[in-house]
Amino acid sequence: MRMPELRELDIDQRNIYTKSPESGPILVTGPPGTGKTILAFHRSARLASSGQKVQIIMFNNVLKRFVNNTDGFDLGNVDVSTMHSWVPKWFRGAMGFYPPKIGPYKFDWRKMLELIDQANDVNVLRKLDWGHLVIDEGQDFPPDMYRTLSTTRYKLDDAGIDGAAVSVFADDNQSITNDRSSVEQIRNTLNIKDDENRFWRVHKNYRNNKEIAEFSRCFQIRGAQSARLPDKESGVQPSVMMTELLKGVLDTIKQLVKNRPIEVGIIVLGNAYDVESIYTSMKDGLSGSDILLQGYLNTPKEEKNKELKECFDQ
């Protein structure tokens with residue numbers, strides 16, 4: 001993927017780039033396709049060029065691979081990792097032991113915060129200063145993580161250690177975890193205010209053509225502001241196939257992807273179990289192919305399912 005250069009960003013995106021403070025917390029929100037990840041890259045490169053130690057964290061390796069496959073974009077000395085690999089490195093580097101867990105891939109953030117709160121050695125506190133942490137797809141991270149980061153930042157400030165900044169890019173409409181954080185939770189926990197150029201929203205959909213962007217509005221969370229539609233139409237309407245059974249659909253999907261370089265989305269109007277069950281069936285059915293399969297989880301209520309059906313019927 002080619003990363004847009006700074007001069008190619010629109011005025012709203014450039015304002016975030018130029019006017020956001022380089023220290024402390026900022027939060028950038030917006031619906032899918034509005035360029036949040038691109039802004040995260042550009043902000044990270046800018047911070048690194050000013051001499052800051054910058055770390056980008058994402059939830060999973062799919063997003064990390066996306067970062068590594070951007071052509072012609074130099075992140076400089078910015079390190080990119082998943083949250084699950086960065087946290088042990090950061091915590092152990094300061095405390096001398098691995099962070100406690102409550103289960104596989106689940107950190108005990110409250111215990112970690114308790115241990116950090118007990119730390120008073122200035123050398124330990126200096127090592128807790130992560131520099132500038134840029135968090136992409138911030139809605140996928142647990143609320144306790146943000147509480148830990150925020151409290152640690154204040155503790156370092158009280159000790160006269162100036163650092164531990166956080167830039168979060170998030171969207172209430174996208175999530176791949178159950179233990180998620182809402183934009184409002186992130187904003188309140190990090191104490192981000194409007195009047196300090198710390199809270200921003202991007203509006204315009206850059207990822208899709210107008211027809212796809214309009215169709216995607218069916219999936220906006222109630223109360224969340226939709227992205228502005230692109231100006232140009234492609235003349236091609238999205239193709240939708242509805243089925244009650246997955247059997248027989250897999251071969252159709254394989255053939256579609258094989259014949260044309262297109263993306264196929266399967267939308268499940270059900271609960272988390274239904275999504276996970278179909279994802280497992282898809283994974284087994286596509287075994288041996290080079291098709292990249294990703295799963296995204298949300299749990300809409302029956303009322304939302306009704307809204308989606310009405311949208312499809314139009």
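Here are some exercises on this predicted model, each with a worked solution.

Some ground rules come before we start. Residues are numbered from 1 along each chain as its sequence is written, and side-chain values use heavy atoms, with hydrogens and water left out. Because the model is predicted, local features need pLDDT of at least 70 and side-chain atom pairs count only at pLDDT 80 or more, while totals for chains, interfaces and linings use all residues.

**Exercise 1: The overall picture**

Find how many helices and strands the protein chain has, and what share of its residues is buried.

Step 1. Go through the DSSP runs, numbered from the N terminus: helices are H or I runs of at least four residues, and strands are E runs of at least two. You should get twelve helices and eight strands.

Step 2. Now sort residues by relative accessible area: buried is under 20%, exposed is over 50%, and partly exposed is in between (1.4 Å probe, protein chains only). Of the 314 residues in the protein chain, 42% are buried.

Step 3. Next, look at contacts, meaning heavy atoms within 4.5 Å. Take the contacts with a separation of 6 or more: 71% of them involve residues 24 or more positions apart.

**Exercise 2: The nonpolar cores**

Work out which elements give two or more residues to the largest nonpolar core.

Step 1. Get the term straight: a nonpolar core is a set of buried Ala, Val, Leu, Ile, Met, Phe, Trp, Tyr and Cys residues joined through side-chain atoms within 4.5 Å. As background, nonpolar side chains tend to be buried together in soluble globular proteins.

Step 2. Start from the best-connected members. The largest core has 35 residues, and Met 83, Ile 135 and Val 168 touch the most other members.

Step 3. List the elements: α4 (83-95), α5 (109-118), α6 (122-128), β6 (132-136), α7 (143-158), β7 (165-170) and α8 (183-189) each give two or more residues. The top contributor is α4, with seven residues.

Step 4. Don't stop there! A second, separate core has 21 residues, including Ile 16 and Trp 200.

Step 5. Zoom in on Val 168. Skipping neighbours within four places in sequence, its contacts include Ile 26, Ile 135, Tyr 146 and Leu 190.

**Exercise 3: Two helices side by side**

Decide how α5 is oriented relative to α7.

Step 1. Two packed helices are described by the angle between their axes and the distance between the axes. Here, axes are lines fitted to C-alpha atoms, for helices over the stretch in contact, and angles run from 0 to 180 degrees between N-to-C directions.

Step 2. Read off the values: the axes of α5 and α7 come within 9 Å and cross at roughly 10 degrees.

Step 3. Name the arrangement. Angles under 35 degrees count as roughly parallel, over 145 as roughly antiparallel, 65 to 115 as roughly perpendicular, and the rest as oblique. So α5 is roughly parallel to α7.

Step 4. See who meets whom: the α5 side includes Trp 109 and Leu 113, and the α7 side includes Met 145 and Lys 155.

**Exercise 4: Two residues in helices**

Say whether Pro 143 and Leu 115 are buried or exposed.

Step 1. Pro 143 sits in helix α7. Its relative accessible area is 15%, so Pro 143 is buried.

Step 2. Beyond neighbours within four places in sequence, Pro 143 contacts Asp 179, Arg 180, Ser 181 and Gln 185. Pro 143 and Ile 186 are 43 residues apart in sequence, with their C-alpha atoms 7.3 Å apart.

Step 3. Leu 115 belongs to helix α5. With a relative accessible area of 17%, Leu 115 is buried too.

Step 4. Apart from neighbours within four places in sequence, Leu 115 touches Phe 91, Met 95, Phe 97 and Pro 100.

**Exercise 5: Positive phi in loops**

Find where Tyr 105 and Asn 197 lie, and give the phi of each.

Step 1. Most residues other than glycine have a negative phi.

Step 2. Tyr 105 is in the loop between β4 (101-103) and β5 (106-107), and its phi is near 60 degrees. At 63% relative accessibility, Tyr 105 is exposed.

Step 3. Asn 197 lies in the loop between α8 and β8 (199-201), with a positive phi of about 55 degrees. Its relative accessible area is 35%, so Asn 197 is partly exposed.
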